[in-house]
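I opened the notebook today to look up two things in this model: what holds its interior together, and where the backbone does something unexpected.

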Amino acid sequence: LTCDWSSDVCSSDLRIIYGKNLMPKFGDQLSDVEIATVTTYERNAWGNNTGDLIQPKEVAEARKNQTK
C-alpha cells in the first residue's frame, strides 16, 4: 500500500505529518495516535459526516509508505 496525496484519508494524514501550503508540519511533534485522533475529528466535524475512524496503524503506514 502506498499512501499518496490523492487518497482523502492519506492526504489528511500526510498534511498533518508533513504540512502543506500554509499548514506547518506536525509529524515530529505528534504521535500516530494523536494524528489519528486529529484526522478522525476533522473528517467528522464541521459538517463532515464521513463516519471514518482513523487507526494509528494507518498513520504509521502513511509515514512509512508515503510518496511526495
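I began with the largest nonpolar core of this predicted model, and I found that it is made up of 8 residues in all, namely L14, I16, I17, I35, A36, I54, V59 and A62. I then asked which elements give two or more residues to this core, and they turned out to be α1, α2 and α3. Of these, α1 gives the most, with 3 residues.

I next picked I16, one of the core residues, and listed what it touches once residues up to four places away in sequence are not counted. The contacts of I16 are M23, P24, K25, F26, G27, L30, I35, V38 and T39, and I noted that I35 in this list is itself a member of the core.

I then turned to the backbone and looked up N21, which sits in the loop between α1 (8-18) and α2 (32-44). Its phi is near 55°, which is a positive value in a residue other than glycine. Is N21 buried or exposed? I entered N21 as exposed, because its relative accessible area is 76% and the cut-off for exposed is over 50%.

My last entry concerns W46, which is found in the loop between α2 and α3 (56-65). For W46, too, I recorded a phi near 55°, again a positive value in a residue other than glycine. I checked the accessibility of this tryptophan as well, and W46 counts as exposed because its relative accessibility is 66%, against the cut-off of over 50%.

Note on methods. Residues numbered from 1 in each chain as written. Predicted model: local features only at pLDDT ≥ 70, side-chain atom pairs only at ≥ 80, totals over all residues. Heavy atoms only, no water. Helix = DSSP H or I, 4+ residues; strand = E, 2+ residues; numbered from the N terminus. Buried < 20%, exposed > 50% of the residue type's maximum accessible area, 1.4 Å probe, protein only. Core = buried A, V, L, I, M, F, W, Y, C linked by side-chain atoms within 4.5 Å. Contact = heavy atoms within 4.5 Å.
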